[in-house]
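Subject: A structure to look through

Dear colleague,

I am passing on a structure for you to open beside this message. Please have the sequence and the 3D view ready, and then read on for what was found.

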Amino acid sequence: MDDATPFIHRNLPRLLLEAREAVMLHTRPSLREYGLSDQQWRVLRVLGEHAQLPGGVETGRVAREAFLLGPSLTGVLTRMERDGLIARSRCPQDARRTVVRATPAGLKLVKGLSSTIEAHYAWMEQRLGKARLAQLYALLDEVIALEQPLNTEEADGLEDDAA
């Protein structure tokens, strides 16, 4: 009896995790210098990207974009609020929801870390080449889109069929 595994393809989820960890090896020391965990940085990055939103960002959106489950996000936000990096408030349109925004201290961290992180990306671009890095981004975007349960057009079509 052959005990060989039936797998033909390489373990893509493991490779993606390994690539993430390889990139984070360069980022993590800077995060630790500022006293941030990976999760706190992901939250600050999301809030920094949406800093122009006057009402803040709804916590569900933060959870989705920072890839954190609700219970984990609650703990992360509690610590970040305690440390003065974020402020939470009730959503003016729906008091059942909470919105979050980075404080000036949080935005200062985003600005400080962004130069370090962008320098690493520039190094990657120099090593891989601009075209190959762009290709990597495009391929990752394609995989993400491919693996989505339903895109909006398909979902709209299903709703039309159900009517």
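**Overall layout**

Read along the sequence, the protein chain follows the pattern α-α-β-α-α-β-β-α-α-α, which comes to seven helices and three strands. Please keep in mind throughout that this is a predicted model. The C-alpha trace spans about 60 × 55 × 40 Å along its principal axes. The protein chain has a radius of gyration of 20 Å, whereas a compact globule of 163 residues would have one near 15 Å.

**The sheet**

In which order do the three strands of the open sheet lie? The order is β1-β3-β2, and the pairing is antiparallel. The edge strands, each of which pairs on one side only, are β1 (57–58) and β2 (86–90). Between β2 and strand β3, which covers residues 98–102, there are five bridges, and these two strands run antiparallel. If you would like one pair to look for on the screen, Ser89 has Val99 in β3 as its bridge partner.

**Helix packing around α5**

Two packed helices are described by the angle between their axes and by the distance between the axes. Helix α5 covers residues 104–128, and three of its packing partners are described below.

Let us begin with helix α1 (residues 12–33), which packs against α5 at an angle of about 160°, with the axes 10 Å apart. Because angles over 145 degrees count as roughly antiparallel, α1 is roughly antiparallel to α5. The crossing of these two helices is right-handed. On the α1 side the contact is made by Val23, His26, Thr27, Ser30 and Leu31, and on the α5 side by Leu113, Thr116, Ile117, His120 and Met124. Sorted by class, this contact of α1 with α5 has five nonpolar residues, five polar residues and no charged ones.

Helix α2 (residues 38–49) meets α5 in another arrangement, since the angle here is about 100° and the axes are 10 Å apart. α2 and α5 are therefore roughly perpendicular to each other. From α2, the residues in contact are Trp41, Leu44, Arg45 and Gly48, while α5 contributes Gly106, Leu107, Leu109, Val110, Leu113, Ile117 and Tyr121. The contact of α2 with α5 has eight nonpolar, two polar and one charged residues.

Finally, how far apart are the axes of α5 and helix α6 (residues 130–146)? They are 6 Å apart, and the two helices pack at an angle of about 110°, so that α5 and α6 are roughly perpendicular to each other. Here Tyr121, Met124, Glu125 and Leu128 in α5 meet Lys130, Arg132, Leu133 and Tyr137 in α6. This contact of α5 with α6 divides into five nonpolar, no polar and three charged residues.

If you trace these contacts in the 3D view, you will find Leu113 and Ile117 of α5 listed both in the contact with α1 and in the contact with α2.

With best wishes

Notes
Residues numbered from 1 in each chain as written. Predicted model: local features only at pLDDT ≥ 70, side-chain atom pairs only at ≥ 80, totals over all residues. Heavy atoms only, no water. Pairing = 2+ DSSP bridges. Helix = DSSP H or I, 4+ residues; strand = E, 2+ residues; numbered from the N terminus. Axes fitted to C-alpha atoms, helices over the stretch in contact; angles between N-to-C directions. Parallel < 35°, antiparallel > 145°, perpendicular 65-115°, else oblique. Left-handed = near helix turned anticlockwise from the far one by under 90°. Contact = heavy atoms within 4.5 Å. Nonpolar A, V, L, I, M, F, W, Y, C, P; charged D, E, K, R; others polar. Rg over C-alpha atoms; globule rule 2.2 N^0.38 Å.
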